[in-house]
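Please examine the model shown here, with attention to its sheet and to one of its helices.

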Amino acid sequence: MITLDRAASTPVHEQLVEQLRYLIATGRYKPGETLPSTRAMGEQLNLSFHTVRKAYQELEREGLVEARPGSGYTVIERVPLSKSERMERGAAVMQETLQRLIGLGLDEAEMEYLFEEQLALLEGEGERLKLVFAAPYRELAELAGSQVASVVQQPVEAATLDALAHHQDADFVFARMQDVRHVREQIPRADVIGVVVMPGLDALARIARMLDHETLGLVTRYPDAIGPLSAELRAQSGFAGQIVAASVEHGTRHLAQLVPQTDLLLYTPASRRRLLAVLTDRYPHAELTFHVSREALEAIRQALPG
């Protein structure tokens with residue numbers, strides 16, 4: 001639902017304000033509805049809660065939301081601008097946009113085509129379904145959600161099981177079979193589709209060959225993955241030895257002590273980039289991937305309308 005471009009010149013908090021304005025204007029967030037908490041929104045977008053609060057406070061100054069003690073920021077009925085104010089503000093936005101398009105070398109016909117195309121997309125966006133992949137920890141939800149999105153060619157939001165309260169408007173929720181009951185209880189109005197998600201066979205086979213006196217190292221992007229992922233790897237492989245684990249959310253300095261302790265180091269795809277500096281052939285290592293089964297992806301494709 002919200003996508004931020006960290007490479008853009010516009011600060012991320014301003015991008016967040018712009019997208020929230022749009023979501024409020026189009027009814028995704030309705031009057032009386034409470035926005036996700038600053039921490040929940042920050043976790044969802046990988047932002048600090050300070051950045052999210054700055055965006056919420058800007059919306060409050062604009063009269064779109066109000067801060068209610070104990071309830072967070074709630075959308076309120078907006079007092080419509082006068083026609084002259086709307087035209088004045090709209091003209092400023094159009095002027096900036098046209099300058100950027102001309103700077104890219106577009107001619108008048110090309111700009112008119114883009115305007116009509118984007119207008120048509122916006123008119124159809126109200127019919128877009130909200131799709132969510134729910135999982136016990138963030139990395140799994142993001143990874144599996146991206147696989148589903150590539151198949152259905154629609155955005156799929158990632159959500160942890162303990163954050164489902166922020167996705168009551170979901171139309172379809174995808175979850176592992178063992179999580180389906182919990183999701184249905186949390187979001188009874190949504191269609192919940194159970195899927196099978198398996199760790200990569202190569203990494204799983206390597207763990208299964210480890211001896212009980214050996215040590216498995218596990219590196220994740222976020223700390224919430226360590227507990228459930230360690231338990232799942234034990235259950236899937238039968239490994240009974242020691243597991244030492246760490247996340248790289250706040251840096252990689254601590255890995256210098258962890259890596260030498262391991263007989264095999266596994267790392268999640270989301271942590272790989274931060275690990276490049278410490279991965280060497282001196283210590284056995286492998287990427288730990290997860291895959292949504294083909295049968296599940298086909299079932300999802302058939303279940304979605306259109």
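The paragraphs below take up confidence, then a sheet, then a helix.

The structure is a predicted model. Its chain averages a pLDDT of 87, and 95% of the residues score at least 70. Among the elements of the chain, the highest mean pLDDT, 96, belongs to strand β5 (residues 172–176), whereas helix α5 (residues 108–125) has the lowest, 76.

An open sheet is built from four strands in the order β9-β8-β10-β11, with parallel pairing. Because β9 (242–247) and β11 (285–287) each have a single partner strand, they stand at the edges, and one side of each is left without a neighbour in the sheet. On average, neighbouring strands of this sheet are turned by 20° against each other, direction ignored. Helix α9 (residues 226–237) packs on the sheet, where it touches β8 (215–220), β9 and β10. The direction of α9 makes about 140° with that of β8. At the β11 edge, strand β10 (residues 264–267) pairs with β11 in the parallel sense over three bridges. Leu-266 has Ala-286 in β11 as its bridge partner.

Helix α12 (residues 294–303) has three residues to consider on its buried side: Ala-296, Leu-297 and Ile-300. These residues lie on the same side of α12 because they cover an arc of only 100° around the axis. An α-helix has 3.6 residues a turn, so residues three or four places apart point the same way. The cover over the buried residues of α12 includes α6 (138–152), β5, β6 (191–195) and β12 (290–292). On the face of α12 turned away from the buried side are the exposed residues Arg-294, Glu-295 and Gln-302.

Key:
Residues numbered from 1 in each chain as written. Predicted model: local features only at pLDDT ≥ 70, side-chain atom pairs only at ≥ 80, totals over all residues. Heavy atoms only, no water. Pairing = 2+ DSSP bridges. Helix = DSSP H or I, 4+ residues; strand = E, 2+ residues; numbered from the N terminus. Axes fitted to C-alpha atoms, helices over the stretch in contact; angles between N-to-C directions. Contact = heavy atoms within 4.5 Å. pLDDT = per-residue confidence, 0-100. Buried < 20%, exposed > 50% of the residue type's maximum accessible area, 1.4 Å probe, protein only. Arc of directions from axis to C-beta.
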